[in-house]
Amino acid sequence: MKSKIIILLFTFIFSSVLADEMQSMQLFKDINHSFSESNIHIDLKSVSVEDIEQNATIMSEVDVYLKLLPSYLEQTPVFTKELYRTNEYIGPERDYVSGYLGMFTVSLIHMKILMAQNNYDDVSLVLQAHLHNASSLMEYTNSFTDYILAIVIYQKIYDLVSDKPQYCTVFKDNPVPSFEEFFRIRKVEKSALFEMYRKSLMENEDVEFQSPIDRQLKEYSWKRMKYYYNQYDACYLNASKSDSPILEIKRCDEYVAEQNKIHSSFLAELDFLYESTKVELQSRFWFNVDITGMGDYIGKALALIPYSKLESIAQEHKKTLAQYQKLVAECRGLEKTE
C-alpha cells in the first residue's frame, strides 16, 4: 500500500512538472508568434508618454502584449531548469527565446505608461516577473546568446526605473546572479566547441576509407587544437578575474595576435611544407611516420580560427552587478532617512 502511494505521489509530481513545462512551451510559442518580428527602437528616457500613445504601431503591439501578460505573470519563471533539459527547447528550430526580447521591449513601453499613471503596484508585479526571469535565464542556460539576453534585460530595467525609490524592495529581492555564471557557461561552450571539432575531424563520411596515418594525424591535430586553445583561453580567463581586466585583456590580445603572426609567417608555412613532405615520404616507403610537426601546425591553426573573445560580455556582467549593488546601497540610504 505504501509503495502504491509513493508511486502515485511521484506520478502526480511528474505530471505537474510536465504540465507546467508544456504551458511554458505554449507561452513561448505565443510570444514568438506575436513578437519575433517586432522591431521597435525608441529611447524610453527621452520619448514622452503622449508620443507613445499617439503611435498606432506601438500601441497595437502593447495590446497584443496585454493579452499575453496574465499567462506570463502566472507562469513566471518561464525559463526553468526543466525547460532547458528538453531537446525540444534546445533544438535549432525551437528557439523560444528569440521573440522574448521583442515582448520585453514592448513591456518596458507599457511600464512607462503605467508609471505616468502612478500605477506602481502593476509596475512592481511586471518588474518582479522580468527580474525573476532574467535570473532564471542566466542560471539555467548554457548558451552565451541567452546569457547576453539576461544581461540586456537587467540593464534596460535599471536604465528605466533605477531612479524610482518605489521599487527598492523589488530590486533588493531580485539580485543579479554571481559572476560565476560567466565561467560556467564559458566552460560548457568550450566543451561543445571541442566536441564539434572532434566530430568534424574524426567522424566524417569517409572515415572508413581513411588510412591509419590519416586517423592518427586527425586525432593528434584535435589534441593540439585543445592544447593551444586552452593556452589562449587561460590568458583571457585570468584577465577576467584580474583587478585590472582591461589592461590584462589588452596583453592577451597582443599575445594571440603575435601567435597568429608567427603561425602565418613564411618560415612557419615553409616548415609545414617540410613536415607534410616528410609524412608523405615516410608513409610511402614504410618508415615510422612522424606526424607530430604536421599535426601541431594544423592544431594551432584550428585553435586560432574559432577563438572568440568573450571578455566584453564579462565586463557587462560586472557592470550590471555594480549597478545592482549601487541600487541596493541607495535603497538602504533611503530607509535610514525615513
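How are H11 and H12 oriented relative to each other, roughly parallel or roughly antiparallel? They pack at an angle of about 165 degrees, so H11 and H12 are roughly antiparallel (angles over 145 degrees count as such). This is a predicted model, where local features need pLDDT of at least 70 and side-chain atom pairs count only at pLDDT 80 or more, while totals for chains, interfaces and linings use all residues. Residues are numbered from 1 along each chain as its sequence is written, and side-chain values use heavy atoms, leaving out hydrogens and water.

**The helix pair**
- Helix H11 covers residues 212-241 and helix H12 residues 245-263, with their axes 8 Å apart; helices are DSSP runs (H or I) of at least four residues, numbered from the N terminus.
- Residues of H11, including Tyr232 and Tyr236, meet residues of H12, including Ile249 and Gln259; contact means heavy atoms within 4.5 Å.
- The residues of this contact divide into nine nonpolar, two polar and two charged.

**A closer look at Gln259**
- Gln259 sits in helix H12 and has 15% relative accessibility, so Gln259 counts as buried (under 20% relative accessible area, 1.4 Å probe, protein chains only).
- Beyond residues up to four places away in sequence, Gln259 touches Tyr232, Lys300 and Leu304.

**The nonpolar cores**
- The largest nonpolar core (buried Ala, Val, Leu, Ile, Met, Phe, Trp, Tyr and Cys residues joined through side-chain atoms within 4.5 Å) has 65 residues.
- Leu127, Ile157 and Phe171 touch the most other members of this core.
- Helix H8 (residues 144-161) gives the most to this core, with 11 residues.
- A second, separate core of 18 residues includes Tyr236 and Ile249.

Definitions and conventions:
Axes are lines fitted to C-alpha atoms, for helices over the stretch in contact, and angles run from 0 to 180 degrees between N-to-C directions. Helices (H or I, at least four residues) and strands (E, at least two) are DSSP runs, numbered from the N terminus. Angles under 35 degrees count as roughly parallel, over 145 as roughly antiparallel, 65 to 115 as roughly perpendicular and the rest as oblique. Ala, Val, Leu, Ile, Met, Phe, Trp, Tyr, Cys and Pro count as nonpolar, Asp, Glu, Lys and Arg as charged, and the others, Gly among them, as polar. Buried means under 20% relative accessible area, exposed over 50%, partly exposed in between (1.4 Å probe, protein chains only).
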